[in-house]
Amino acid sequence: MDNVVSIKSLHKTFNNANRALNGINLSVGRGEMVALIGPSGSGKSTLLRHMAGLTWGDRGGQGSVSVLGSIIQQQGKLAHTVRSTRAQIGYIFQQFNLVNRMSVISNVLMGSLGRISGWRGTLGIFTQDERRQALKALARVGMEKYAYQRAGSLSGGQQQRVAIARALVQKADIILADEPIASLDPESARIVMDILKDINEQDGKTVIVTLHQVEYARKYCHRVVALKEGELFFDGASNGLSDERLARIYGSSVTSLINDKAPVDSCKKPINSNPINSGDAGAMAFAEVG
Ligand code: ADP
């Protein structure tokens, strides 16, 4: 399988003391939908941010991150080409990152900034076709009728759908979503996860999503990668993530996470074998690391 993310020997230490990532090796293939789980502080967001070149690993190490065949960073330095690679990465934030005072459609149009000339972007001049595409993206996430409303007036779930529409307009090949449903009510969370799953299945986009809620990871993602104290603790099929294994990852806090039920009607998409484990689903189910 064609790898769209390849992380080798990645270490990240904050303030010369706090080791957030400790030798991460991870590959994600094209078209996968992968959940990144683990207790608070285990390094999920830090790892995702490294994939987008929003932060960089320790200098002096041999760590590297490649996305879509381009090096994003190696040995603690961002590649010169990081901006063009980033243009192909859609990043969804927990707190949506919309410009509240601007209209919904203006926020979505910002997704095209990486592809249009700088002066048009600065002046906010978009073509009819770009506007049509923005409305189409909004329709896809069920937000077309809010196109001319101020983004800040929407609910959290609606804002997250607009942020996804922005990533659609960006025509990103890969979506990295950092706790996209953490601050949403269950119904909005289900809608957002359904949309991400639809983009993965219908458009074949690779989706990597950090999730606090284990049940959503199990229900929406065939593959789960679990971090514990900055190390890869589990990488395999979500049906291999037994309650007992979850207890080893989360400790005593696991009950509340498991009871945080996701809707039962969500389906899973079978994926090709995990490139790390490159075995059958049975092998993946027991791919505990370390
Ligand atoms: P998670 O997403 O799993 O909750 P994070 O990636 O946010 O975990 O954090 C991993 C560790 O790195 C934590 O100990 C956190 O305090 C630390 N950390 C994250 N970002 C920073 C930062 N900007 N400065 C200092 N420490 C940080």
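Which residues surround the ligand? In this predicted model, in which local features need pLDDT of at least 70, side-chain atom pairs count only at pLDDT 80 or more, and totals for chains, interfaces and linings use all residues, the ligand is surrounded by Phe-14, Asn-15, Asn-18, Ala-20, Gly-38, Ser-40, Gly-41, Ser-42, Gly-43, Lys-44, Ser-45 and Thr-46; a residue is near a molecule or strand if its C-beta atom, placed from the backbone, lies within 6 Å of it. Residues are numbered from 1 along each chain as its sequence is written. Two or more residues of the shell are given by each of S2 and helix H1 (44–51), and H1 provides the largest share, 3 residues. By class, the shell holds 2 nonpolar, 9 polar and 1 charged residues, where Ala, Val, Leu, Ile, Met, Phe, Trp, Tyr, Cys and Pro count as nonpolar, Asp, Glu, Lys and Arg as charged, and the others, Gly among them, as polar. Helices (H or I, at least four residues) and strands (E, at least two) are DSSP runs, numbered from the N terminus.

Strand S1 (residues 3–14) and strand S2 (residues 18–29) are paired in the antiparallel sense over 9 bridges, two strands being paired if DSSP finds at least two bridges between them. They form a hairpin with 3 residues between them, and Asn-15 in the turn has a positive phi of about 55°; Asn-15 is also among the residues that surround the ligand. Within the pairing, Phe-14 stands opposite Asn-18 in S2, and Lys-12 stands opposite Leu-21 in S2. The hairpin strands belong to an open sheet of 5 strands, with the order S2-S1-S4-S5-S6 and antiparallel pairing. S2 and strand S6 (77–78) stand at its edges with a single partner strand each, so one side of each is left without a neighbour in the sheet.

A further open sheet contains 6 strands in the order S7-S8-S9-S3-S10-S11, and its pairing is mixed. Its edges are occupied by strand S7 (89–92) and strand S11 (231–237), each of which has a single partner strand, so one side of each is left without a neighbour in the sheet. Neighbouring strands of this sheet are turned by 15° against each other on average, direction ignored. Strand S3 (residues 33–37) and strand S9 (residues 206–210) run parallel and are joined by 4 bridges, with Val-209 in S9 as the bridge partner of Ala-35. H7 lies across S3, strand S8 (174–178) and S9, and runs at about 155° to S9; axes are lines fitted to C-alpha atoms, for helices over the stretch in contact, and angles run from 0 to 180 degrees between N-to-C directions.

Helix H7 (residues 186–203) also packs with helix H6 (residues 156–169), at an angle of about 10° and with the axes 9 Å apart. H6 and H7 are therefore roughly parallel to each other, since angles under 35 degrees count as roughly parallel, over 145 as roughly antiparallel, 65 to 115 as roughly perpendicular and the rest as oblique. Their contact is made by Gly-156, Gly-157, Gln-160, Arg-161 and Ile-164 of H6 and by Ser-188, Ile-191, Val-192 and Ile-195 of H7, residues being in contact if their C-beta atoms, placed from the backbone, lie within 7 Å. Helix H5 (residues 128–140) packs with H6 at an angle of about 135°, with the axes 9 Å apart, and H5 is thus oblique to H6.

Note on methods: Contact = placed C-beta atoms within 7 Å.
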